[in-house]
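Visitor: Hi! I'm new to this one. Could you walk me through it?

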Amino acid sequence: MNGYGADEHKKDLNIFSLYVYTSAASFLLCLTLFYFVSPRFSARISSGYCGLSVTKKTDWDTRIGSNLHAVVVSTISLYCFLFDPETTSNPIRNDGVLVRVGVAITLGYILADFLIIVWSYKYIGDLFTLVHHLMAISAYYFVVVNGVLPYFANVRQLAEISTPFVNQRWFFDAIGHPRSSSSFVINGYVMGASFFFCRILMMPIYYYKCYLVWGSDEQQQLGALINFYWISTCIVLDIINLYWFTKIVKGAMKLTRKLKDCKD
């Protein structure tokens, strides 16, 4: 019995070390991409990058890491959402390793992005973004360290599917790419569709799941602090998502009318 307990404890420590190392690797990779990889890589693939202001170059470099993070994390989260029984077995608390690895990657990325914004505040400083990052860091910390709310954290991760398309639109605008071009138009429509399906349409599914578990013994055992971060961060993020989606829809309608007028 003691041997079994010791083995289980060692296993738990090894798994926890995996999360720590994953977050640390994500943190260091994000900083490496921002300071060393993106400036050189972007200058080679886009002649427009070299002519950008310091502010836009800084913003551009953050989006390279954002894209890599989004691709990796959205792949993990989509797999967990559709195929991983450990993620969906108990939405309040479970021992799913893959889902917590995905959240650990995001934890390291957000922490690095927070520091980059602080260090480059005069160029890309945004108090609202810093507050958002602090709330996200606190919320994801509980998921990674305590293994609570993994299902709900994973659903939030699905939003990253739309991130590369949002960033690509910014890249196009930054280098003055024509908005009437087919690449700009296609990316815009894919951005709007992915944003709707992964952020807006997931809202009722997410909150219905919250409703199903709210008031259960496991939910009440989380304590006031975790419950506060759980709900407050989601409400703030969803208000932001709704605001941005209205802008995306207005932009898409404006572009559609413009293209129609050009054809006429």
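Guide: Happy to; we can start with the overall build and then go into details.

Visitor: Great. What should I know before we begin?

Guide: This is a predicted model, where local features need pLDDT of at least 70, side-chain atom pairs count only at pLDDT 80 or more, and totals for chains, interfaces and linings use all residues. Residues are numbered from 1 along each chain as its sequence is written, and side-chain values use heavy atoms, with hydrogens and water left out.

Visitor: How many helices and strands are in the protein chain?

Guide: The protein chain has 13 helices and zero strands. Both are DSSP runs numbered from the N terminus: helices are H or I with at least four residues, strands are E with at least two.

Visitor: And how compact is the protein chain?

Guide: As compact as a globular protein of its length, because its radius of gyration is 20 Å, close to the 18 Å that the globule rule gives for 264 residues. That radius is taken over C-alpha atoms, and the rule is 2.2 Å times the number of residues to the power 0.38. The C-alpha atoms fill a box of roughly 75 × 40 × 35 Å along the principal axes.

Visitor: What share of the residues is buried?

Guide: Buried residues make up 45% of the 264. Buried means under 20% relative accessible area, exposed means over 50%, and partly exposed is in between, with a 1.4 Å probe and protein chains only.

Visitor: What about the surface that the protein chain exposes?

Guide: About 14500 Å² is exposed, and carbon and sulfur atoms supply 66% of it. Those areas come from the Shrake-Rupley method with a 1.4 Å probe; for residues, only the protein chains shown count as cover.

Visitor: Switching topic: which residues does UniProt list as "transmembrane region"?

Guide: The unreviewed UniProt entry lists 18-37, 97-121, 133-153, 184-208 and 228-245 under that name. Positions are in the numbering used here, feature names are shortened, and annotations may be inferred rather than shown by experiment.

Visitor: What does the model show over residues 184-208?

Guide: Residues 184-208 are 96% helix and 0% strand, with the end C-alpha atoms 36 Å apart. The span 228-245 is 100% helix and 0% strand, and its end C-alpha atoms lie 26 Å apart.

Visitor: Any domain in the record?

Guide: Yes, the unreviewed UniProt entry gives "domain: TLC" for residues 55-257. In the model, residues 55-257 are 84% helix and 0% strand.

Visitor: Now the rings. How many aromatic pairs does the structure hold?

Guide: The structure holds 22 aromatic pairs. Tyr35 and Trp119 form a tilted one, 6.4 Å centre to centre with 45° between the planes. Rings of Phe, Tyr and Trp (its six-membered ring) pair if their centres lie within 6.5 Å; planes under 30 degrees apart count as stacked, over 60 as edge-to-face and the rest as tilted.

Visitor: Where do Tyr35 and Trp119 sit in the chain?

Guide: Tyr35 is in helix α1 (residues 2-45) and Trp119 in helix α5 (residues 97-119), so this pair links distant parts of the chain, 84 residues apart. Tyr35 is partly exposed, at a relative accessible area of 36%.

Visitor: Got another pair?

Guide: Phe172 and Phe184 are also tilted, at 5.9 Å centre to centre and 35° between the planes. Phe172 lies in helix α9 (residues 163-174) and Phe184 in helix α10 (residues 182-200), so the pair ties together parts 12 residues apart in sequence. Phe172 is buried at 13% relative accessibility, and Phe184 is buried at 4%.

Visitor: Which residues do ring pairs link into a cluster?

Guide: The cluster consists of Phe81, Tyr151, Phe152, Tyr206, Tyr207, Trp214 and Trp230. Over the ring of Tyr151 sits the charged end of Lys209, 5.2 Å from the ring's centre. For that, NZ of Lys or CZ of Arg must be within 6 Å of the ring centre and within 35 degrees of the ring normal.

Visitor: One last residue: is Thr163 buried or exposed?

Guide: Thr163 is buried, with a relative accessible area of 9%, and its place is in helix α9. Leaving aside neighbours within four places in sequence, Thr163 is in contact (heavy atoms within 4.5 Å) with Ser66, Asn67, Ala70 and Arg199.
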